[in-house]
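User: Please take a close look at the aromatic side chains of this model and at the residues that sit in the same stretch of chain. I would like one connected account rather than a list.

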Amino acid sequence: MTIVTWSETRRWCTRVCALAVVPGALVCTASAQDVKRTSIPPFSVASVRLIAGADTIRLRVELATNDAQRNVGLSEREKLADTAGMLFLYPTEQPASYGFWMFRTRIPLDIAFLDSLGVIVAIKHMVPCASTVSSGCPMYPPGMPYRAALEVNAGYLARHKLSIGSRLILSDTSRVVRRRARG
């Protein structure tokens, strides 16, 4: 997953395609071989709590806290456990027009965009993109500013009655994020 605006997509693709001669570079027309050569950054794992009315749901998430991790996200994953997800954390608020795309993402996902208090401000259902070029994949902007985004298997949010206004307790991740920042 990559977070970009449509105007940034073309600039990013042009920059990356120009670097295609560098071994291991991500390219806009990436083949399966190119993807396997791309290094996947390590992710810390944390437990978070999702609050839906009176219910509390625990979820194990991989934390994407830097640009390298956020750019890779869940791309090339064949499956995601029912009790797992990925939480994208940002140091500043992201504009409403900055969205996610599904380039090289193989599984359908739900994404919940969260404000700085962990309140869900927007939800999108995202489907895998079969395009071999990143610019051929649709964007999923939330239409609301956000500070974090949670990706889970498609249908997870509805099954657990999570909706706009539900909350993710981010404090469970604060120790991990601070430790990584110092390390």
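Analyst: What follows goes through the aromatic pairs and then turns to some arginine and lysine residues.

The model is a predicted one, and in it the count of aromatic pairs comes to five. Among them is the pair of Phe100 and Phe113, whose ring centres are 5.8 Å apart and whose planes stand at 70° to each other, an edge-to-face arrangement. Phe100 belongs to strand β5 and Phe113 to strand β6, so this pair ties together parts of the chain that are 13 residues apart in sequence. Both of these phenylalanines are buried. Another of the pairs joins Trp101 with Phe103, and here the geometry is tilted, with 6.0 Å from centre to centre and 55° between the planes. That angle falls short of the 60 degrees over which a pair would count as edge-to-face. Trp101 is buried, with a relative accessible area of 1%, and Phe103 is likewise buried, with a value of 5%.

Phe100 and Phe113 also take part in a wider grouping, since one aromatic cluster is formed by Phe88, Tyr90, Phe100, Phe113 and Tyr146.

Between β5 (99-101) and β6 (109-114), the strands that hold the Phe100 and Phe113 rings, runs a loop in which Arg104 has its place. Arg104 is not a glycine, yet its phi is positive, at about 65°. With a relative accessible area of 15%, Arg104 is buried, because the limit for that class is under 20%.

A positive phi in a residue other than glycine is found again at Lys161, where the angle is near 55°. Lys161 also lies in a loop, in this case the one between α4 (156-159) and β10 (167-169). In its surroundings, however, Lys161 stands in contrast to the buried Arg104, for at 64% relative accessibility Lys161 counts as exposed.

A further arginine, Arg70, is placed within helix α3, which covers residues 67-72. Arg70 is buried, its relative accessible area being 10%, and its side chain has polar partners of two kinds. One is the side chain of Asp67, with which the Arg70 side chain makes a polar contact at 2.9 Å. The other is a backbone atom, the oxygen of Leu89, which the side chain of Arg70 reaches at 2.6 Å.

Definitions and conventions
Residues numbered from 1 in each chain as written. Predicted model: local features only at pLDDT ≥ 70, side-chain atom pairs only at ≥ 80, totals over all residues. Heavy atoms only, no water. Helix = DSSP H or I, 4+ residues; strand = E, 2+ residues; numbered from the N terminus. Buried < 20%, exposed > 50% of the residue type's maximum accessible area, 1.4 Å probe, protein only. Polar contact = N/O pair within 3.5 Å; in protein donor to acceptor, adjacent residues only side chain to side chain. Phe/Tyr/Trp six-rings, centres within 6.5 Å; stacked < 30°, edge-to-face > 60°.
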